[in-house]
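Reader: Before we begin, could you take me through the terms one by one, setting each value against its definition?
Author: Gladly; here is the structure we will discuss.

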Amino acid sequence: MLDFTPPSSEEDDGAGAAAAALALHTDTEILDAYSQAVMSVADTVGPAVLRVETRAAGNRPGGTGSGVTIAPDGLVLTNCHVVEGAREIRLLDTEGRVMEARAIGVDPDTDLALLRAGAVRDLPHAMLGDSKSLRRGQLVVAIGNPLGFESTVTAGVISALGRSLRARNGRLIEDVIQTDAALNPGNSGGPLVSSRGEVIGINTAVIRGAQGICFAVAANTAQFVLSELIQHGRVRRGYIGVSGQTVEVPRRHARNAEIENRTGAMISGLEQGGPAAQAGLMSFDTIVRVDGEAVTGVDDLIRILNGERIGRPVTFDALRRGQLRSFDVTPTERPAVKAA
């Protein structure tokens with residue numbers, strides 16, 4: 001016989017207490033796991049994070065920021081704007097050791113700089129991870145010296161991937177990581193680290209007036225810049241001798257040319273004798289494709305003109321008075337910015 005007698009209030013209270021205890025235990029386990037992950041990252045990567053101090057010309061005090069050692073022989077990644085214009089660069093590690101440093105190269109287009117610490121070797125260092133494997137919501141830890149408070153650790157999540165951010169020179173940094181891990185002035189150049197202890201970004205910018213919107217240059221971009229600076233002392237990019245602006249492509253012109261562009265890169269200035277001028281491009285031509293890849297604006301043009309296209313013919317498709325024309329342009333290397 002089935003008993004449909006409702007449970008007593010004492011039984012209800014006991015079941016509720018048991019459920020509450022189980023929930024509290026589960027929450028405690030989750031928080032413990034979160035804390036252990038953050039502490040593990042801080043212990044592993046923290047010793048590789050440095051304070052970067054600079055002095056400007058005339059022995060005037062410069063700025064301060066953060067950096068991360070990525071090789072035991074003293075290779076340090078930081079932001080370009082941290083060491084920009086510096087006459088002297090000094091590094092301070094977590095043990096209070098002071099090291100002189102020099103800039104191997106800087107890349108204002110990605111706001112990254114590569115430094116070499118003085119004669120010190122066997123430094124604690126961190127590993128660069130694969131930023132392409134990241135996912136939104138993933139736990140990340142930022143380490144640096146915000147507002148001069150050394151070895152500060154903050155944690156958050158990846159808010160978004162594949163963002164674009166304007167560098168200080170006006171060019172677009174692609175594939176930027178957005179995070180809510182708290183950053184402040186002085187965090188610049190410090191690492192953004194995954195729970196596996198891999199550097200997956202270099203902290204670079206904070207949106208003033210916003211809360212929880214911070215950005216880091218992706219580790220894969222940093223890896224590319226790092227290899228270019230080591231090999232060449234600069235990041236090689238193509239140069240065709242034009243200035244331009246993003247403009248709308250009239251629909252009738254797009255239909256006539258059988259292209260899908262709604263916008264393109266219009267040439268507003270042309271260097272006489274430059275690669276574009278020699279190939280026959282003219283002011284007010286609107287570039288819509290390069291080697292078959294759509295160009296929807298100036299930023300696309302800058303991105304496409306990478307080092308691989310230097311010294312070889314590249315096909316530019318441009319609209320001139322509504323007609324699509326093709327030009328073979330051979331980019332040269334864009335003049336590099338000198339290291340500090």
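Reader: Which element gives the largest share of the lining of the largest pocket?
Author: That is α3, with 5 residues; helices (H or I, at least four residues) and strands (E, at least two) are DSSP runs, numbered from the N terminus. Please keep in mind that this is a predicted model, in which local features need pLDDT of at least 70 and side-chain atom pairs count only at pLDDT 80 or more, while totals for chains, interfaces and linings use all residues. Residues are numbered from 1 along each chain as its sequence is written, and side-chain values use heavy atoms, with hydrogens and water left out.

Reader: What makes D111 buried or exposed?
Author: Buried means under 20% relative accessible area, exposed over 50%, and partly exposed in between, with a 1.4 Å probe and protein chains only. D111 has a relative accessible area of 7%, and therefore it is called buried. This residue lies in the loop between β5 (98–107) and β6 (112–117), and it has a positive phi of about 55 degrees although it is not a glycine.

Reader: Why is E258 called exposed?
Author: Its relative accessible area is 72%, so E258 counts as exposed. E258 lies in the loop between α4 (251–257) and β16 (263–270), and E258 too is not a glycine, although its phi is positive, at about 55 degrees.

Reader: Why is strand β17 said to be largely enclosed by the rest of the structure?
Author: The strand covers residues 286–290, and 4 of its 5 residues are buried, so β17 is described as largely enclosed.

Reader: How do you know that β17 pairs with β18?
Author: Two strands pair if DSSP finds at least two bridges between them, and β17 and β18 (residues 293–294) have 2 bridges in the antiparallel sense, so the requirement of at least two is met. One bridge partner is A294 in β18, which belongs to R289. In the hairpin of these strands, which has 2 residues between them, D291 takes a positive phi near 50 degrees.

Reader: How many bridges join β17 to β19?
Author: There are 4 bridges, and the strands run antiparallel, with β19 covering residues 314–320. I287 has A318 as its bridge partner in β19, and A265 stands opposite I287 as well. Between β16 and β17, which also run antiparallel, there are 2 bridges.
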